[in-house]
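Subject: Structure handover

Hello,

Here is the structure I promised to pass on. Please open it alongside this note, and read on for what turned up.

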Amino acid sequence: MIEPATPPVSAVRTRLDGRTALVTGSTSGIGHAVADLLAERGAHVIVSGRDPGRGHAAVTGIQARGGHADFLAADLTTDTGTADLAERALGVTGRIDVLVNNAGVFTFGPTADTTAAGFDAVYDLNVKAPYFLVQALVPAMAERGSGAVVNILTGAAHRGSVAAGLYGSSKAALLLLTQSWAAEFGPSGVRVNAVSPGPVRTEGTGYGAGLDAVAAALPARRLGEPAEVAAAVAFLAADEAAYVHGAVLPVDGGATAA
Ligand SMILES: NC(=O)c1ccc[n+]([C@@H]2O[C@H](COP(=O)([O-])OP(=O)(O)OC[C@H]3O[C@@H](n4cnc5c(N)ncnc54)[C@H](OP(=O)(O)O)[C@@H]3O)[C@@H](O)[C@H]2O)c1
């Protein structure tokens with residue numbers, strides 16, 4: 001049998017060769033899996049988070065598999081954190097083609113117990129940081145006429161619940177921003193979409209049994225894997241999703257459905 005000279009179009013359109021991707025919160029959990037997969041698909045990945053030990057370990061893992069990655073330490077809740085990260089990220093290859101707003105904090109509890117500082121900590125990381133990273137990085141994508149932003153939401157963004165008002169509302173704001181940015185930047189060739197994960201065991205969620213109880217009620221009857229969320233992010237970041245703008249892709253074991 002004669003082998004085709006070029007790979008099928010569908011395979012090429014999943015690749016990210018020649019593109020630079022900034023993945024916030026990629027020292028851990030879902031973001032780490034996203035960084036691994038985008039690098040596997042050919043992107044030069046900028047791993048980011050506060051912890052240099054975990055950051056360098058993530059980069060070493062990608063490089064050991066033949067991928068390209070750098071680590072940039074950043075605390076996205078400080079006054080200058082997002083602007084500083086954006087500037088240093090642009091310095092790595094001279095451009096950012098894919099921005100994954102994954103870094104997030106999940107704080108649960110009654111409204112009566114929420115302090116102003118606790119409120120700010122959630123909104124600073126979950127809403128303000130993505131907002132100002134988009135402000136700093138997307139206009140250059142729009143000038144080039146191409147780029148992709150993927151925001152990481154949560155099931156708590158789509159419905160009210162007793163203890164997740166603060167966290168869920170911050171991600172609901174990011175959902176609305178996803179749609180607004182799709183409208184604002186889509187005509188310039190920049191696609192903005194979101195992935196909404198269900199329960200996924202990570203360093204951040206810890207290892208308690210609570211998550212298993214949530215998973216047991218889902219149609220999938222199990223927790224999700226970080227790599228399963230990453231697969232959806234990689235799809236939305238690549239040309240395969242060229243006609244997908246402003247969408248929210250649930251990767252939640254069916255939580256949205258039932
Ligand atoms: N796991 C789930 O079940 C689940 C479900 C739905 C949605 N999500 C969403 O998915 C995203 C990732 O969750 P995860 O479970 O993978 O969390 P995780 O394991 O706690 O990872 C969070 C990441 O964010 C970074 N980060 C935290 N605070 C930061 C700050 N101030 N500045 C910069 N980076 C910071 C952490 O890096 P450093 O510690 O190095 O700073 C880490 O890389 C979050 O947006 C979360 O809301 C998770």
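Where is the place of Gly-246? Gly-246 sits in the loop between H8 and strand E7 (248–251). Bear in mind that this is a predicted model.

**Around Gly-246**

Gly-246 and Ala-183 are 63 residues apart in sequence. In space, their C-alpha atoms are 7.6 Å apart. Set aside the neighbours of Gly-246 within four places in sequence, and its contacts are Thr-178, Gln-179, Ala-182, Val-192 and Asn-193.

**H5 with H6**

Now the helix pairs. Helix H6 covers residues 165–185. It packs with H5 at an angle of about 15°, and the two axes are 9 Å apart. An angle under 35 degrees counts as roughly parallel, so H5 is roughly parallel to H6. The crossing of H5 past H6 is right-handed.

Which residues meet here? On the H5 side they are Gly-118, Phe-119, Val-122, Tyr-123, Asn-126, Val-127, Pro-130, Tyr-131, Val-134 and Val-138. On the H6 side they are Leu-166, Tyr-167, Ser-169, Ser-170, Lys-171, Ala-173, Leu-174, Leu-177, Trp-181 and Phe-185. By class, this contact has 15 nonpolar residues, four polar and one charged.

**H4 with H5**

H5 (residues 116–144) also packs with helix H4 (residues 81–93). Their angle is about 40°, with the axes 9 Å apart. H4 and H5 are therefore oblique to each other. H4 passes H5 in a right-handed crossing.

From H4 come Thr-82, Leu-85, Ala-86 and Leu-90. They meet Ala-129, Phe-132, Leu-133, Ala-136 and Leu-137 in H5. Eight residues of this contact are nonpolar, one is polar and none is charged.

**H2 with H8**

Back to H8, the helix before the Gly-246 loop. H8 spans residues 226–237 and packs with helix H2, residues 29–40. The angle is about 55° and the axes are 8 Å apart. That makes H2 oblique to H8. Their crossing is right-handed.

H2 brings Gly-29, Ile-30, Ala-33, Val-34, Leu-37 and Leu-38 to the contact. H8 brings Pro-226, Ala-227, Val-229, Ala-230, Ala-231, Val-233 and Ala-234. The split is 12 nonpolar, one polar and no charged.

**A pocket**

One more item. How much space lies in the second largest pocket? About 160 Å³. Its lining is made by Arg-19, Arg-95, Asp-97, Val-98, Ser-146, Gly-147, Ala-148, Gly-189, Arg-191, Ala-237, Asp-239 and Ala-242. Five of these lining residues are charged, four are nonpolar and three are polar.

That is the handover. Please start with the loop that holds Gly-246, then go through the helix pairs and the pocket.

Best wishes

Terms used: Residues are numbered from 1 along each chain as its sequence is written. This is a predicted model: local features need pLDDT of at least 70, side-chain atom pairs count only at pLDDT 80 or more; totals for chains, interfaces and linings use all residues. Side-chain values use heavy atoms; hydrogens and water are left out. Axes are lines fitted to C-alpha atoms, for helices over the stretch in contact, and angles run from 0 to 180 degrees between N-to-C directions. Helices (H or I, at least four residues) and strands (E, at least two) are DSSP runs, numbered from the N terminus. Angles under 35 degrees count as roughly parallel, over 145 as roughly antiparallel, 65 to 115 as roughly perpendicular and the rest as oblique. A crossing is left-handed if the near helix is turned anticlockwise from the far one by less than a right angle, and right-handed if clockwise. Contact means heavy atoms within 4.5 Å. Ala, Val, Leu, Ile, Met, Phe, Trp, Tyr, Cys and Pro count as nonpolar, Asp, Glu, Lys and Arg as charged, and the others, Gly among them, as polar. On a 1 Å grid over the protein atoms alone, a cavity is a set of points where a 1.4 Å probe fits but cannot get out, and a pocket is an open set with protein on both sides within 12 Å along at least five of seven lines; lining residues have an atom within 4 Å of a point. Grid points are joined across faces, edges and corners, and a volume is the space filled by probe spheres set on the points.
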